[in-house]
Amino acid sequence: MKDNKKQIILIIIIFLILVAIGIAYMTYMLEKIEANSNNSIETIVKNDASNLKTEITEQKAILQSVTNEIIMDNIVNPEKIFDMYERSDITSHFIRMAIMYEDGRTITNDGHEVNYLDEKDNFFSNNEIHISENKISKIDGQEINIYSQAIELKKQKIAILLIVKTDSYKNIFSNKIFEGKGFSYIVDTAGNIVVSANTNKGTGNLINNIERMLAGGSKERFITNKNVVEENIKNGVSGTRTLQTTNGNYYMVYEPIGANDWTIVTFIPAKAIAGEANKALLTTFIAAVIVIFIILAICIYIVIENNKKQKKLFEYAYIDPVTGKGNIYYFRKTGQEILEKGVKSNQYILVLDINKFKMINKAYGYKVGDDILKGIAEKLQEILGENSLICRYSNDYFASLFEYDEKIREILKKIVKNIENLRIENNVYNLSVNMGVYQLTESDANISEIMDKAIIAHSASKGDVYDKFHIYDKKMEQKLEKESEIENEMYQALMKKEFIVYYQPQIYTNDETLYGAEALVRWKHNGKMIPPNEFIPIFEKNKFILKLDVYIFEQVCSDMKIWKEKYGDEITISVNVSREHFLDEHFLEKYRMIAAKYNINPNNIDLEITESATIEDGIDIIGIMNKMKKLGFKISIDDFGTGYSSLSTIQDMPADILKIDKSFIDKIGKNDKNIVDYILTIAKELKLTTIAEGVETKEQRDYLLERECDIIQGYYYSKPIKKEEFEKFIQKKTKQDSSKDEN
Ligand code: C2E
Ligand code: CA
Ligand code: CA
């Protein structure tokens, strides 16, 4: 996100730089165009002036040569003069020729006669060639200019006139290139208009009439330093000016023609030039915009590509491909960010896993397994809300950081119910969930630490079939510390032979003779005796029980060997076999080999399997029991009555003995004998031997005798005892047996 901002800022900066460059460039271009157009206007006008000069000079030269010829040949007869004119090729330059007499009478070569008496002085002022200002022809109303030269022939003064159409000058002006928007004048040194290329623009003095001509009569003063312009024109100096008028700006260029002391003055509206300039500018502008957009598009493309790459990387790093939710790294990172915003009292962290998820993968395949994991993640999100942070942090382990305002137990129950009955494509997989939950406190600041607390609560619920979730409390941590202490020391304990077998005698109910004993492990650690309930569950979790059970089994076989040699093999010893063995079919091979090593008949060994182990999913318990039977071992179902197995499953089991759990024996004293009765009835029906566990009172013993329970194990006869003490029970039995024999 931060990177994105940086990139956007960078693009904006690049964009601004480009715009700045564009503006600078356009300003520069504008100036250049203006300078160029000023230059070109000057050039154009200079050109006009030069063309005009050529034209005028040529026409003057023609007139000069005509008068020279007249003087030289002394031609007085007008007919002859006109004849000479008409025969020459100069007629193409003029519309007619005329001869003016001193009385103003003027005759033309095409037979007209007019009088110019009022202007006579202009034509006879001196012998120089004179060019008139614009005139309206008295003959045909055309606009004309007259070239004239006065000569003396045989003491008679006449003026030879060559008349040109003013239009012929106008054609020379190139103001047309500005779409006819410009206009030009030829003025004399006083600024009087001699020739106006645009007739409608008036006559008289140009400088004094500019306002009227350019702006339709506005009184504004247009020419700064007007007198400079007047001076320039008077002295035949060229120049330029910009005129501001209410019709917009005009460029004024004046350029002496170099003939007749005339100056050509051209006005071009700035708009006309701007039109040209704008066209150029527009092209430049469009080009600049295109370039900017291309660069911008490239930048955006790079950013998008980069973002895509970033997103991919993000996904690789933070997204769990199976569920589409975050992985543990994402959870830690985002969770930490949430914590840093401040912990709220309604915040919880939850850890959840599915029991025996491996079995699901095995049974249904990984595709279904993945679908289930995805379904769980989605269900969690659905129940805990869109704002909750959900991740799958390994295999079938999920975690969530969420807020919840009502009773936490209610939502946890809802999660258990929904996930255990999760439906994937209309199939229900009967998942079993365990959860650990920790409610955050103000002092929590580290995501890993709070997750550890949820994990501690989770381990407390793990393996607990009845309590699907545990909420963290301090005791759990202490318990866990103790557990890890136990784990740290178990291997050494095994080597140091700290695990000791105690035997609890089992007595026939009817004649109170010895049947055998149950071997029960004790851990003598640092002078203290640790009871099995404190370490067996841990060893089952960490699988150390697999080693310990075998070790105990070997101890038992070793003890039995000694007793067998001393007293024969009349007794049966029962050994607890943890359910953890059943995941590996080959464990029985070890048991067989150990029994064989000590030369013990498996028939004298009773393998105890807890009833709850028999109903575990995914284990072929009947198959295992059959194998046990095949090897000759006896089998007893331990803690019978607590495992909720159905009658039919018991029926199918090749077991020999039912061990009635202590909790039911306890009820005998409380006058609640139904279950014991029921179990004894079933056992009888299935022809199973019955052992009552935890018998402590005579009342219990008497009742069991009455109900024909076969064997009794309990404090009433003996607590679990050291082998040396148990040996005394065997000795006693041997004596009883031999006295029986004697009788
Ligand atoms: P369990 O197999 O049900 O063993 C019977 C437990 O009941 C023993 O507890 C025994 O001391 C106790 N008990 C017997 N009679 C009475 C009585 O009259 N009153 C009372 N209050 N208790 C009585 P213990 O020795 O503490 O063993 C606990 C459990 O630990 C055993 O329950 C068994 O599940 C497990 N365990 C013990 N040794 C081993 C072993 O070597 N391997 C395995 N896998 N588990 C073992
Ligand atoms: Ca047992
Ligand atoms: Ca038991």
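In this predicted model, D638 forms a bridge between the calcium ion (ligand 3) and the calcium ion (ligand 2), and the two ions lie 4.0 Å apart. That shared residue makes a handy starting point for a walk around the site.

**The two calcium ions**

Let us take the calcium ion (ligand 3) to begin with. Its coordination comes from D638 (OD), D639 (OD) and two OE entries for E693, at 2.2 to 2.5 Å. Along the sequence, the donor residues follow the spacing D-D-x53-E. Two of these donors, D639 in strand β25 and E693 in strand β27 (residues 689–693), link distant parts of the chain, being 54 residues apart. How buried or exposed are they? D639 is partly exposed, with a relative accessible area of 24%, whereas E693 is buried at 11%.

Now for the other ion. The calcium ion (ligand 2) is held by E518 (OE), N576 (OD1), E608 (OE) and D638 (OD), at 2.0 to 2.3 Å. The spacing of its donor residues in sequence reads E-x57-N-x31-E-x29-D. E518 belongs to strand β21 (residues 514–525) and E608 to strand β24 (residues 605–610), so this pair ties together parts of the chain that are 90 residues apart in sequence. Both E518 and E608 are buried.

**The surroundings of ligand 1**

Which residues lie closest to ligand 1? They are Q504, R522, D549, E696 and Y715, out of 23 residues that surround the ligand. Sorted by class, this shell has nine nonpolar, six polar and eight charged residues. Several elements contribute: β21, α14 (532–541), α15 (544–567) and β25 (634–640) each supply at least two residues. The largest share, four residues, comes from β21, the strand that also holds the calcium donor E518.

Here are three polar atom pairs to look for in the viewer:

| Residue and atom | Atom of ligand 1 | Distance |
|---|---|---|
| Q504, polar side-chain atom | nitrogen | 2.9 Å |
| N576, polar side-chain atom | oxygen | 3.1 Å |
| Y715, backbone N or O atom | oxygen | 2.8 Å |

Taken alone, ligand 1 exposes 790 Å², and the protein buries 84% of that. N576 is worth a second look: its side chain has a polar atom 3.1 Å from an oxygen atom of ligand 1, and its OD1 is also among the donors to the calcium ion (ligand 2).

**A residue in helix α15**

Y551 sits in helix α15, one of the elements that supply residues to the shell around ligand 1. Is Y551 buried or exposed? Its relative accessible area is 15%, which is under the 20% cut-off, so Y551 counts as buried. Setting aside neighbours within four places in sequence, the contacts of Y551 are L494, K497 and F499. For a sense of scale, Y551 and A270 are 281 residues apart in sequence and 112 Å apart in space, C-alpha to C-alpha.

**A loop residue elsewhere in the chain**

One more stop is N109, found in the loop between β2 (105–108) and β3 (113–115). Although N109 lies in a loop, this residue is buried, with a relative accessible area of 17%. What joins the side chains of N109 and E86? A polar contact of 3.0 Å does. Beyond neighbours within four places in sequence, N109 is in contact with F82, Y85, E86, R96 and M97.

Definitions and conventions:
Residues numbered from 1 in each chain as written. Chains lettered and ligands numbered in written order. Predicted model: local features only at pLDDT ≥ 70, side-chain atom pairs only at ≥ 80, totals over all residues. Heavy atoms only, no water. Donors = N, O, S within 2.8 Å, 3.2 Å for Na, K, Ca; no water. Buried < 20%, exposed > 50% of the residue type's maximum accessible area, 1.4 Å probe, protein only. Near = heavy atom within 4 Å. Polar contact = N/O pair within 3.5 Å; in protein donor to acceptor, adjacent residues only side chain to side chain. Areas by Shrake-Rupley, 256 points an atom, 1.4 Å probe, with all protein chains shown as cover. Nonpolar A, V, L, I, M, F, W, Y, C, P; charged D, E, K, R; others polar. Contact = heavy atoms within 4.5 Å.
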